[in-house]
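Hi there,

Here is the structure I promised to pass on to you. Could you have a look at it before reading my notes underneath?

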Amino acid sequence: MKKYQISDSEWIIMKVIWKHQSISANEIIKALESQVDWAPKTIKTMLNRLVSKEILGYEKKGRAYLYHPLISSSETIKEENKSFIKKVYNGDFSSLLASFVEQNEFSQEEIDEFKKILESKRK
């Protein structure tokens, strides 16, 4: 997979687009108005940036542009996770996992779910 650099602001926009799969700029602006205080022009600038990065594609429908993702959320999250582990933990996933477990409280149900996941990896 090609490496993509997605800023925190672009992540906010991408979450809306991944949820709808095909959506106009005005619909994105409306969806974000309760979350952020960005001007519509700012959102359109970020959409253009995402198109330039080949993260979004678009189709012109009448006077509107419909944006759609060119990359899946799951692949993007996977790449972000890899980048984070490499940057913060020098690529050592077990250090990340140990830190996560030590710093958080978990219910018995969550612990049981973790065990199931680990057991499935063992097989």
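**What turned up**

F106 has a relative accessibility of 23%, which counts as partly exposed; on this scale buried means under 20% relative accessible area, exposed means over 50%, and partly exposed is in between (1.4 Å probe, protein chains only). F114 is also partly exposed, at 33%.

Before going on, a word on the source: this is a predicted model, in which local features need pLDDT of at least 70 and side-chain atom pairs count only at pLDDT 80 or more, while totals for chains, interfaces and linings use all residues. Residues are numbered from 1 along each chain as its sequence is written, and side-chain values use heavy atoms, with hydrogens and water left out.

**Aromatic rings**

Rings of Phe, Tyr and Trp (its six-membered ring) are taken as a pair if their centres lie within 6.5 Å; planes under 30 degrees apart are called stacked, over 60 edge-to-face, and the rest tilted. Counted by this rule, there are 6 aromatic pairs. One of them joins Y58 and Y67, a tilted pair with 6.3 Å from centre to centre and 50 degrees between the planes. Another brings in the two phenylalanines from above: the ring centres of F106 and F114 are 5.1 Å apart with the planes at 85 degrees, so this pair is edge-to-face.

Are Y58 and Y67 buried or exposed? Y67 is buried, at 7% relative accessible area, whereas Y58 is partly exposed, at 46%. Ring pairs also tie Y58 and Y67 to Y65, and the three make a cluster.

**Helix α1 and what surrounds it**

Helices (H or I, at least four residues) and strands (E, at least two) are DSSP runs, numbered from the N terminus. Helix α1 covers residues 8-20, and its 13 residues reach 19 Å from the first C-alpha to the last. That is close to the expected 18 Å, where the expected span is 1.5 Å times one less than the number of residues. After α1 comes Q21, which has a positive phi, near 70 degrees.

Which residues of α1 are buried? They are E10, W11, I13, M14, V16, I17 and W18. As a reminder, an α-helix has 3.6 residues a turn, so residues three or four places apart point the same way. The buried residues of α1 pack against β1 (23-24), α2 (25-32), α3 (40-52), β2 (56-61), β3 (64-69) and α4 (73-89), where contact means heavy atoms within 4.5 Å.

**How the helices cross**

The axes of α1 and α2 come within 10 Å and cross at roughly 115 degrees. Here axes are lines fitted to C-alpha atoms, for helices over the stretch in contact, and angles run from 0 to 180 degrees between N-to-C directions. The crossing makes α1 roughly perpendicular to α2; that label covers 65 to 115 degrees, with under 35 counted as roughly parallel, over 145 as roughly antiparallel and the rest as oblique. α1 passes α2 in a right-handed crossing, meaning the near helix is turned clockwise from the far one by less than a right angle (anticlockwise would be left-handed). I12, I13, V16 and I17 of α1 meet I28, A31 and L32 of α2 there.

α2 also packs on α3, at an angle of about 120 degrees and with the axes 10 Å apart. That makes α2 oblique to α3. On the α2 side the contact uses A25, N26, I28, I29 and L32, and on the α3 side P40, I43, K44 and L47. The crossing of α2 and α3 is right-handed.

**Helix α4 and some distances**

α4 has 17 residues and spans 23 Å between its first and last C-alpha, close to the expected 24 Å. T76, E79 and I85 are buried in α4, and their cover includes α1 and α5 (93-103). N90, which follows α4, has a positive phi, near 50 degrees.

S24 sits in strand β1 and is buried, at 10% relative accessible area. Leaving out residues up to four places away in sequence, S24 touches Y65, L66 and Y67. How far is S24 from E113 in space? Their C-alpha atoms are 39 Å apart, with the two positions 89 residues apart in sequence. E113 belongs to helix α6 (residues 108-122) and is partly exposed, at 41%.

Best wishes
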